[in-house]
Amino acid sequence: MSRPWRREYDPDAEHVTGGVPAGVVTEVERLAGQLTDLAQMGVDIGDLGNGPRPGGLRRMDAAGGWFYFLASPRDQLLVVVRIVPPYDGL
């Protein structure tokens with residue numbers, strides 16, 4: 001059995017979530033958890049969300065805003081790199 005997928009913030013949680021409303025962060029964490037669950041089941045999460053092509057930086061809607069993530073199948077890692085809250089939450 002392979003090791004489980006995990007998720008992280010890059011460069012760190014404070015940098016990515018700082019100033020973002022708690023409800024938006026909670027929704028991003030929920031969606032990131034679902035993405036890692038799908039990856040664990042064998043779904044290629046590099047095809048999910050929006051981006052110019054499969055793999056690379058992906059964008060996914062969350063709580064009226066969106067977040068950017070990278071999927072690294074080799075490391076079994078989902079990396080959330082930026083959260084953009086809805087404009088009324090800024």
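The paragraphs below lead from the overall fold of this protein chain to its nonpolar core.

The model is a predicted one, and its protein chain contains two helices and four strands. Followed along the sequence, these elements come in the order β-α-α-β-β-β, so that a reader tracing the chain meets one strand, then both helices, and then the other three strands.

As for overall dimensions, the C-alpha trace spans about 45 × 25 × 20 Å along its principal axes. The radius of gyration of the protein chain is 13 Å, which agrees with the value near 12 Å that a compact globule of 90 residues would have. Of the contacts between residues at least 6 apart in sequence, 50% join residues that are at least 24 apart.

Turning to the surface, the protein chain exposes about 5,500 Å², of which carbon and sulfur atoms supply 53%, while 36% of the 90 residues count as buried. The chain carries 9 positive and 12 negative charges, and the mean positions of these two groups lie 6 Å apart.

In the interior, the largest nonpolar core has 19 residues, and those with the most contacts inside it are Val28, Leu35, Phe67, Leu78, Val80 and Ile83. Helix H2 (22–40), strand S2 (58–62), strand S3 (65–72) and strand S4 (77–84) each supply at least two residues of this core, and H2 gives the most, with seven residues. Val28 offers a useful place to look: leaving aside its neighbours within four places in sequence, Val28 is in contact with Ala62, Phe67, Val80 and Ile83.

Note on methods:
Residues are numbered from 1 along each chain as its sequence is written. This is a predicted model: local features need pLDDT of at least 70, side-chain atom pairs count only at pLDDT 80 or more; totals for chains, interfaces and linings use all residues. Side-chain values use heavy atoms; hydrogens and water are left out. The radius of gyration is taken over C-alpha atoms; the globule rule is 2.2 Å times the number of residues to the power 0.38. Buried means under 20% relative accessible area, exposed over 50%, partly exposed in between (1.4 Å probe, protein chains only). Contact means heavy atoms within 4.5 Å. Accessible areas come from the Shrake-Rupley method with a 1.4 Å probe; for residues, only the protein chains shown count as cover. Lys and Arg count as positive and Asp and Glu as negative; His and the chain ends are not counted. The place of a charge is taken as NZ of Lys, CZ of Arg, CG of Asp or CD of Glu. A nonpolar core is a set of buried Ala, Val, Leu, Ile, Met, Phe, Trp, Tyr and Cys residues joined through side-chain atoms within 4.5 Å.
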